[in-house]
2 protein chains.
Amino acid sequence: MYDLVSLGKAARQASMKLRTSDTNTRNTALCAIAASLRENMPEILEANRLDLATAKAAGIRSVMIDRLTLTAERIRGIADAAEEVSRLADPIGVIDRGTTRPNGLQILKTRVPIGVVAMIFEARPNVTVDAAVLCLKSGNACILRGGKEAFATNRALARLMREAVEKSGLPADSIGLVEDTSHETAERLMKLNGYIDVLIPRGSARLIRSVVENATVPVIETGAGNCHMYVDRAANLGMAVEIVDNGKTQRPSVCNALETVLVHRDVATEFLPMMKARLDLHNVELRGCERTCQILRSIRRACEEDWATEYNDFILAVKIVDSLDEAIAHIAAYSTGHSDGIVTNDLAASRRFTAEVDSAAVYVNASTRFTDGGEFGLGAEIGISTQKLHARGPMGLSDLTSIKYIVTGDGQIRS
Amino acid sequence: MYDLVSLGKAARQASMKLRTSDTNTRNTALCAIAASLRENMPEILEANRLDLATAKAAGIRSVMIDRLTLTAERIRGIADAAEEVSRLADPIGVIDRGTTRPNGLQILKTRVPIGVVAMIFEARPNVTVDAAVLCLKSGNACILRGGKEAFATNRALARLMREAVEKSGLPADSIGLVEDTSHETAERLMKLNGYIDVLIPRGSARLIRSVVENATVPVIETGAGNCHMYVDRAANLGMAVEIVDNGKTQRPSVCNALETVLVHRDVATEFLPMMKARLDLHNVELRGCERTCQILRSIRRACEEDWATEYNDFILAVKIVDSLDEAIAHIAAYSTGHSDGIVTNDLAASRRFTAEVDSAAVYVNASTRFTDGGEFGLGAEIGISTQKLHARGPMGLSDLTSIKYIVTGDGQIRS
């Protein structure tokens with residue numbers, strides 16, 4: 001049985017050193033990681049070739065192969081990103097709030113690292129570096145469990161990063177890699193209470209469901225995005241076409257891509273042909289409700305399952321609704337609470353929509369594709385939370401922190 | 001099998017109404033609850049007498065009977081507290097941060113209710129009202145599962161609160177009571193994903209462990225408090241005696257009470273007899289390490305288990321340490337991360353202690369008994385979190401909120 005407890009203990013020890021490390025040392029380590037990735041490119045590419053050969057021999061589909069592939073350019077991009085993170089403000093030591101109580105006690109609410117952050121993810125080896133870099137920046141040790149397809153690549157990356165961190169004066173165990181990609185070990189990782197302070201899964205809906213069901217350590221649920229755009233009767237229809245096109249076709253494989261368009265009946269006859277003409281340029285397959293199919297006669301009928309599906313592909317579900325209320329009710333029933341929007345010029349409608357739709361990000365007259373740490377100005381992103389505890393929406397460095405109350409007095413006792 | 005799913009659905013529906021309810025309506029409901037508790041005191045006391053008779057017949061110990069007992073005065077206190085909460089600022093609708101991005105998108109990070117908050121707790125019926133009141137104030141529906149000892153009382157309280165809420169124009173199902181106190185139903189409640197956004201257990205260590213191990217819904221762990229006070233060699237020893245006495249004897253049954261005192265060897269000979277003389281006034285039983293027993297010859301030897309025990313009683317473990325480092329290491333090994341403190345006049349020692357001790361509240365020259373929502377100025381408290389996600393330390397109204405990003409543009413798309 002793979003020795004997860006030793007890995008957990010080592011990470012816990014490292015986290016205690018990291019907690020009191022200074023900003024400069026952590027930033028130096030990030031730059032050392034970037035430099036090492038650039039210098040040791042041949043080694044990384046060699047490991048990646050090994051993974052790619054295994055994946056191709058196993059007949060893995062091309063989208064996955066693309067995610068798995070590293071090139072010199074991609075490695076330089078990963079290294080650049082690590083350096084960028086080193087230039088962001090330190091989220092640790094920030095004093096959120098402070099007060100002096102009537103009895104003279106000074107209470108400071110300060111930001112501290114969470115401790116040990118575990119991540120379970122799939123094929124993308126860039127996540128290995130991104131996650132380690134963001135955890136290190138925020139003073140957290142990390143335990144990474146990547147997909148088996150990227151195993152050789154991840155091992156090479158982890159070894160280089162651990163060396164770079166150690167040379168910078170921080171514990172090598174600040175970055176831990178689970179060197180066993182079995183499901184059984186992943187499930188034990190989910191129950192490693194006492195060593196892991198938070199587990200963040202990134203990947204398929206199936207992976208995330210498995211973590212939510214099995215984990216006994218605290219979890220931040222990420223990712224699932226069944227996103228909607230409601231084209232109101234007061235919409236600028238030209239704007240709506242641009243927003244729907246962007247949401248669906250700019251990058252269909254990601255969680256903030258659009259999956260269902262809801263159209264008010266008063267504008268459906270005019271809007272739907274405009275939308276279809278634009279989406280036809282990208283060969284988007286439309287699946288419509290009964291009334292939609294009466295207007296767009298060539299398209300396929302949507303079934304119940306379509307409303308609940310995150311296609312992540314060039315497919316879009318389309319439904320005509322009678323009212324704003326029906327749009328809001330449809331979103332309440334089917335949205336995963338990631339990103340949903342309205343196109344309207346009616347202020348009252350936009351206020352009702354943003355108040356009543358209960359999603360991490362609610363849009364008025366903009367593409368759902370903006371739900372992203374970089375686009376939100378967070379500087380970096382460790383994932384997009386679709387739960388309501390701790391963090392919701394794009395998670396930046398400050399979401400990798402916890403708080404500590406520091407209370408200073410001169411002998412106060414409670415009466 | 002008790003129908004938890006219907007209860008969950010009703011709470012979810014109610015939470016959707018609450019989410020868009022206005023501050024005044026929610027405050028009116030809180031005052032209506034207070035008024036109803038005062039008006040219907042005979043009914044509540046009658047139900048409570050029933051619970052007390054059952055508990056006494058079952059031979060339940062007197063501490064528990066005291067917790068279970070309601071009196072006219074206690075009910076007035078509970079009603080007053082509900083009115084006080086109505087006067088606190090609304091935590092919902094607060095805009096934490098806002099930005100206008102270079103592309104013109106306006107992004108507002110706004111506070112919204114979490115949704116449905118479930119609580120599992122034990123004998124105190126006041127928690128039933130406190131929890132419902134804090135959830136209602138923050139726009140959350142709640143599902144309450146109290147202990148079987150308080151069942152009749154809780155049912156009376158829930159019925160009165162539901163009526164008051166309904167008369168105020170909010171759904172009665174804003175407050176749901178699990179009317180089955182079996183363990184089996186409690187365990188199903190812990191897995192009611194899709195209906196519960198967060199589960200907060202309050203009560204014994206055993207209850208909390210059971211929730212952490214069994215729950216698949218997000219949990220906020222509360223309560224366990226093995227708290228330490230380190231008397232540094234640079235301590236004002238008179239102040240240290242006051243702080244230790246207050247921490248141990250002012251209310252020993254609570255989670256922020258002191259359980260272990262660590263004393264620097266340089267001041268042990270002087271301090272320990274002073275401390276013992278004071279604690280003897282309260283008949284506190286001391287359990288000391290070998291060196292402590294050489295100074296205080298009459299006391300019992302502490303064993304390994306004592307360092308890890310939350311006595312919640314008039315018992316105190318005492319250990320002599322050679323250095324600040326040893327004190328910090330002992331706390332790292334045995335503290336539950338609730339509240340730990342140092343008595344010192346050495347600034348460098350206080351800075352190291354507050355940086356290195358990883359607890360929710362870290363004290364310098366003050367009693368650990370201050371870890372409390374009221375004492376921290378939060379106005380009210382739903383519990384004290386001992387985990388690092390979402391909330392840590394005393395949880396006030398703002399900890400019962402989540403966030404929603406509201407993004408407004410004029411046709412922005414991502415390039």
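Across all chains, this predicted model holds 62 salt bridges. Several of these pairs are set out below with the closest distance between nitrogen and oxygen atoms.

| Acidic residue | Basic residue | N to O distance |
|---|---|---|
| A:Asp197 | A:Arg12 | 3.1 Å |
| A:Glu259 | A:Lys248 | 3.0 Å |
| A:Asp358 | A:Lys388 | 2.6 Å |
| B:Glu375 | A:Arg414 | 3.4 Å |
| B:Asp266 | B:Arg265 | 3.8 Å |

**Salt bridges within a chain**

The salt bridge between A:Asp197 and A:Arg12 has its closest N and O atoms 3.1 Å apart. A:Asp197 sits in the loop between helix 8 (183-189) and strand 6 (198-202) of chain A, while A:Arg12 belongs to helix 1 (residues 4-19) of chain A, so the pair ties together parts that are 185 residues apart in sequence. The relative accessible area of A:Asp197 is 15%, and the residue is therefore classed as buried, the cut-off being under 20%.

A:Glu259 and A:Lys248 form a salt bridge at 3.0 Å. Here strand 8 of chain A, which carries A:Glu259, is linked to helix 10 of chain A, which carries A:Lys248, and the two residues are eleven apart. A:Glu259 counts as buried because its relative accessibility is 0%. A:Lys248 is likewise buried, with a relative accessible area of 0%.

In chain B, the side chains of B:Asp266 and B:Arg265 meet in a salt bridge of 3.8 Å, N to O. B:Asp266 is partly exposed at 48% relative accessibility, and B:Arg265 is also partly exposed, with a value of 46%. In chain A, a network of salt bridges links A:Arg233, A:Arg265, A:Asp266, A:Arg291 and A:Asp322.

**The two domains of chain A**

The domain assignment divides chain A into domain 1 (4-221 + 387-408) and domain 2 (227-370). Five residues from domain 1 of chain A and five residues from domain 2 of chain A take part in the contact. The centres of the two domains, taken over C-alpha atoms, are separated by 35 Å. Between them, domain 1 and domain 2 of chain A bury about 360 Å², with 32% of this area on carbon and sulfur atoms.

Two salt bridges are counted between these domains. On the side of domain 1 of chain A that touches domain 2 of chain A, there are no nonpolar residues, one polar residue and four charged residues. The interface of the two domains also has two residue pairs in polar contact, both residues of each pair being at pLDDT 80 or more. A:Asp358 and A:Lys388 form a salt bridge with closest N and O atoms 2.6 Å apart.

**The interface of chain B and chain A**

Chain B places 71 residues in contact with 72 residues of chain A. The two chains bury about 5700 Å² between them, 54% of it on carbon and sulfur atoms. Within chain B, the residues that lose the most area to chain A are B:Leu389, B:Tyr405 and B:Arg414, together 15% of what that side buries.

Six salt bridges are found across the interface of chain B and chain A. The side chains of B:Glu375 and A:Arg414 meet in a salt bridge with an N to O distance of 3.4 Å. The count of residue pairs in polar contact between chain B and chain A is 41, with both residues at pLDDT 80 or more. Elements of chain B that each supply at least two residues to the side touching chain A include helix 1 (4-19), helix 10 (237-249) and strand 16 (401-412). Strand 16 of chain B gives the most to this side, with eleven residues. By class, the side of chain B that touches chain A has 33 nonpolar, 22 polar and 16 charged residues.

**Two buried loop residues of chain A**

A:Asn256 is located in the loop between helix 10 (237-249) and strand 8 (258-264) of chain A. With a relative accessible area of 4%, A:Asn256 is buried. Apart from residues up to four places away in sequence, A:Asn256 touches A:Cys227, A:His338, A:Thr368, A:Arg369, A:Thr371 and B:Arg414.

A:Asp399 occupies the loop between strand 15 (393-395) and strand 16 (401-412) of chain A. The relative accessible area of A:Asp399 is 15%, and the residue is buried. Leaving aside neighbours within four places in sequence, A:Asp399 is in contact with A:Ile114, A:His390, A:Ala391 and A:Pro394. A:Asp399 and A:Asp51 are 348 residues apart in sequence, and 33 Å separate their C-alpha atoms.

Key. Residues numbered from 1 in each chain as written. Chains lettered and ligands numbered in written order. Predicted model: local features only at pLDDT ≥ 70, side-chain atom pairs only at ≥ 80, totals over all residues. Heavy atoms only, no water. Helix = DSSP H or I, 4+ residues; strand = E, 2+ residues; numbered from the N terminus. Buried < 20%, exposed > 50% of the residue type's maximum accessible area, 1.4 Å probe, protein only. Contact = heavy atoms within 4.5 Å. Domains from an automatic or database assignment. Buried area = accessible area lost by both parts, 1.4 Å probe. Salt bridge = Lys/Arg side-chain N within 4 Å of Asp/Glu carboxyl O. Polar contact = N/O pair within 3.5 Å; in protein donor to acceptor, adjacent residues only side chain to side chain. Nonpolar A, V, L, I, M, F, W, Y, C, P; charged D, E, K, R; others polar.
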